[in-house]
Each structure stands twice: as C-alpha cells, then as structure tokens.
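Biologist: Please choose one part of this chain and take me through it slowly, together with whatever it meets. I am new to reading structures, so set out each step of the reasoning.

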Amino acid sequence: MENMLVEVISAEDKEHILNEAMNEHGQDLLQLVYSYVNHTSVAEDLTQDIFVKCYNALHTYNGKSKFKTWLWRIAINHCKDFLKSWYNNRVIPTEEEPSFHRTEVDVVEHEVIQKEDDENLIHAIMQLEIKYREVIYLFYYQELSIKEIALVTEVSDNTVKTRMRRAKELLKICLEG
C-alpha cells in the first residue's frame, strides 16, 4: 500500500519534476548531446527525446545517484544509440545554423583573438573520438569529478583518467600542428 501511494504521488509530480529538470539541466543536456552529434537541430531533437524518456522512466529513478547523473546516463545512452542507428548512418542533415557568429568590426583585438582560439579549441574537441570528447566535455564544461564521470560513462576511474590524458595529447597535437 505504501509503495502504491508513493507511485501515485510520483505520478502526480512527474510533470513538476520534468519541468524542473528541463529548466535546471536543459541547456547543459543540449550541449552534451551536441558534443555527440555535432549538429544543432539533431541535438535539439535528441534532447527532446531524452526528456520524454526521462518522463517515462521517472518511476525507475531510485535515488542511488544524483538525479543529474541519472539523466546524463539516459542522455549518453540515447546519443550512443542514435550514433549507431540506421538514420544517423544514412541520412545527412541539412540547413545547419552557423555555430559561431562573427563579432562586429570594431571589437577589441583581444576579444577577436580569444574568440578565434575558442573556436579552434571547440573544433579540435569535436574532431576527437566520442570516448575522448565525452570526458573532456564532462570534466571541463560540466565540471564533473573523475568519479562522477566514471559513474556516468560506466567505466573505471582509471579509464577516465587515461582517456582524459589521451584526449589532452590529441588536442595538443591538433592545436599545435
């Protein structure tokens, strides 16, 4: 009876929980998905799909990890499934929006140089294999710890450290070469 009552309360709060999750994690999740697919409109579609999956699977969240970690795990699995899918391997998306908008002519030289450096770094990161890209993204952009990244990616701490080291080496070669 208590379990049934908890399920009823959970069902009534599903929309509220989902709205909070979308407000709190929506932009970060979109950026995570974009880091996998490298296409804005596809990332937006996949992010919507992920929130639908989250809504449908809320009853499975058991609280053993942070909600954000649980949501990230759903997102990463969904992205990996998409990357393996027939659709991704056969359909070429079009009408990509420019990723970076150019600044006005009268912008300070330092800002222009910094923006170019940032663009080069983002481009280099997007060229990495997905296993390296995800650890860089989760560590530097989401500021997750090595342990949290290991939990989200379902690999050991040492594997995360190795991937991080190898990703940095690859980025260094790409940016200096």
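Modeller: Of the contacts in the chain between residues at least 6 apart in sequence, 62% join residues at least 24 apart. What you see is a predicted model. The chain is built from eight helices and zero strands, so its pattern along the sequence reads α-α-α-α-α-α-α-α. It has 177 residues, of which 32% count as buried. The accessible surface is about 12,000 Å², with 53% of it belonging to carbon and sulfur atoms.

The part I choose is helix α8, residues 157-176. This helix has 20 residues, and its first and last C-alpha atoms lie 29 Å apart. At 1.5 Å a residue, 28 Å would be expected, which is close to that value.

Next, consider which way the residues of α8 face. Val160, Arg163, Met164, Ala167 and Leu171 are buried. Because these residues cover an arc of only 105° around the axis, they sit on the same side of α8. On the other side of α8, the exposed residues are Asn158, Lys172, Ile173 and Glu176. One of the buried residues, Arg163, deserves a second look. Its relative accessible area is 19%, and buried means under 20%, so Arg163 counts as buried.

Arg163 also has a charged partner. Side chains of opposite charge can pair when their charged atoms come close. A search of the whole structure finds seven salt bridges. One of them joins the side chains of Arg163 and Glu134, with 3.8 Å from N to O. Glu134 belongs to helix α6 and Arg163 to helix α8, so this pair ties together parts that are 29 residues apart in sequence. Glu134 is buried too, with a relative accessible area of 1%. The pair is part of a network of salt bridges that links Lys80, Glu134 and Arg163.

Two other salt bridges involve α8. Asp157 pairs with Lys147, and their closest N and O atoms are 3.4 Å apart. This pair links distant parts of the chain, since Asp157 is in helix α8 and Lys147 is in helix α7 (residues 146-153), 10 residues apart. Asp157 has 27% relative accessibility and so counts as partly exposed. Lys147, at 59%, counts as exposed.

The other pair is Glu169 and Arg165, whose side chains meet in a salt bridge of 3.8 Å from N to O. Both residues are in helix α8, four residues apart, which is about one turn of the helix. Glu169 is partly exposed at 33% relative accessibility, and Arg165 is partly exposed at 49%.

Now turn to helix α6, where Glu134 sits. This helix runs over residues 130-141. Its 12 residues should span 16 Å at 1.5 Å a residue, and its end C-alpha atoms are 15 Å apart, which agrees. The buried residues of α6 are Tyr132, Arg133, Glu134, Val135, Ile136, Tyr137 and Leu138. Just after α6, Glu143 takes a positive phi of about 55°.

Two other residues of α6 are Tyr140 and Tyr141. Tyr140 has a relative accessible area of 43%, which is between the cut-offs of 20% and 50%, so it is partly exposed. Tyr141 is partly exposed as well, with a relative accessible area of 43%. On the surface, Leu121, Tyr140, Tyr141 and Leu175 form a nonpolar patch with about 370 Å² of accessible area together.

Tyr141 has further neighbours. Leaving aside residues within four places in sequence, Tyr141 is in contact with Leu121, Ile122, Ile125 and Ile136. Its C-alpha atom is also 9.0 Å from that of Leu32, although the two residues are 109 residues apart along the chain.

To sum up, α8 has buried residues on one side and exposed residues on the other. A salt bridge joins its residue Arg163 to Glu134, and another joins Asp157 to Lys147.

Notes. Residues are numbered from 1 along each chain as its sequence is written. This is a predicted model: local features need pLDDT of at least 70, side-chain atom pairs count only at pLDDT 80 or more; totals for chains, interfaces and linings use all residues. Side-chain values use heavy atoms; hydrogens and water are left out. The expected span of a helix is 1.5 Å times one less than its number of residues. Buried means under 20% relative accessible area, exposed over 50%, partly exposed in between (1.4 Å probe, protein chains only). A salt bridge is a side-chain nitrogen of Lys or Arg within 4 Å of a carboxyl oxygen of Asp or Glu. The arc is that of the directions from the helix axis to the C-beta atoms. Patches are made of residues with over 30% relative accessible area and no salt bridge: like charges are joined within 9 Å, nonpolar side chains (Val, Leu, Ile, Met, Phe, Trp, Tyr) within 5 Å. Accessible areas come from the Shrake-Rupley method with a 1.4 Å probe; for residues, only the protein chains shown count as cover. Contact means heavy atoms within 4.5 Å.
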